[in-house]
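Biologist: I am new to this structure and would love a close look at a single part, the open sheet. Could you walk me through its strands and what packs on them?

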Amino acid sequence: MKRVTIYDVAKEAGVSLATVSRVINGSNVVKEPTKERVQAAIDKLGYKPNAIAQGLALQKTTVIGLVIPEASFTYTGQIINGLLDVAKIYNYNIMLHTITAGITDINDVIEDIIKSRVDGVIVYNTKLQMDEMEELSKYNIPIVIIGNKVKGENVASVYVDIEKAIYELTAKYLEEGKEDIAIIEDRKNPYTCAQMVKGAQRAFEAKGRKFDNFLKIPPESRTSYAFLSDWFKDHKYDLVIGNRDSQAMAALNAARENGISVPDDMEIVCVIDTKYNAMMRPAISSFSIPSYDLGAVSMRVMTKMLQSGDESDKAMELSYLFTPRQTTKD
């Protein structure tokens with residue numbers, strides 16, 4: 001898809017580049033009819049004013065905008081550390097922005113960041129939907145997505161293949177004859193949850209079976225624990241998989257309260273590994289996700305995009321490691 005530029009807007013409106021720049025910058029010297037004509041051209045073409053178009057560019061600011069969901073700080077500390085360490089090496093400063101689910105529109109945030117003079121934007125957000133990803137590619141500035149496998153013009157990504165991780169785990173249990181496998185819905189991370197389900201579905205389909213133990217938490221249940229403590233009264237599985245540590249802990253506590261022994265009667269695995277998984281008793285088996293590397297590699301990709309653009313339209317996959325602890329038998 002061809003990128004819309006300020007030149008396209010000027011041609012569509014029949015005005016000079018300087019006039020378009022003045023309108024974008026809110027200058028009062030442009031007559032109202034001309035302003036309306038330029039704005040109509042901007043709306044028609046879907047043009048996103050960038051720093052260059054607003055007379056802020058042709059000089060580097062050495063500032064990178066970092067966008068992180070407010071609720072994800074528990075899991076992003078190491079990502080930020082990795083990013084900052086690489087940023088220091090290349091003399092970049094990081095401008096941190098947070099977004100709140102259901103309140104903040106990510107495209108509005110990114111547009112504001114771009115207007116504030118940054119060289120690029122790094123976004124950690126596993127909730128991005130396809131339409132939002134497509135919208136991001138319209139910005140005339142390098143963007144790196146952490147957590148989602150996505151490619152687009154001027155957009156690169158660094159991610160861990162959660163679908164593959166769950167596929168391999170599920171396939172292992174199926175080979176052992178353990179077919180009663182359940183995945184707990186994570187309402188805070190729908191994209192990751194969807195990848196988990198896809199992985200389980202692939203493993204079951206390879207065995208000619210259908211995966212149908214997706215534990216969808218009803219709206220009236222405020223927490224995973226509130227749902228599972230009642231659900232486990234009548235249900236028990238060979239393996240229960242949760243995304244976050246809090247979900248795995250909820251499953252563990254709910255199992256105990258219902259007389260289900262872990263791991264003898266039911267095994268539990270958490271996708272995201274945190275220090276709390278090892279502190280629990282029994283300690284929770286989980287996947288070691290290279291959080292520090294996610295941040296460090298993302299910043300390195302950003303520097304390459306700024307230097308040459310070679311990393312644009314690329315998705316870079318990082319590896320993971322399953323760490324068995326006390327909630328699984330092996």
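Modeller: Gladly! Let us begin where four bridges join strand β5 (residues 155-160) to β11, the two running parallel. Helices (H or I, at least four residues) and strands (E, at least two) are DSSP runs, numbered from the N terminus, and two strands pair if DSSP finds at least two bridges between them. One bridge is easy to find: valine 160 has leucine 318 as its partner in β11. Before going further, please keep in mind that this is a predicted model, where local features need pLDDT of at least 70 and side-chain atom pairs count only at pLDDT 80 or more, while totals for chains, interfaces and linings use all residues. Residues are numbered from 1 along each chain as its sequence is written, and side-chain values use heavy atoms, leaving out hydrogens and water.

Now for the whole sheet. It is open and has six strands in the order β2-β1-β3-β4-β5-β11, with parallel pairing. At the edges lie β2 (93-99) and β11 (315-318), each of which pairs on one side only. On average, neighbouring strands here are turned by 20 degrees against each other, direction ignored. For such angles, axes are lines fitted to C-alpha atoms, for helices over the stretch in contact, and angles run from 0 to 180 degrees between N-to-C directions.

Finally, helix α12 (residues 291-307) packs on this sheet. Its contacts (heavy atoms within 4.5 Å) take in β1 (63-69), β2, β3 (120-124), β4 (143-146), β5 and β11. The direction of α12 makes about 160 degrees with that of β5.
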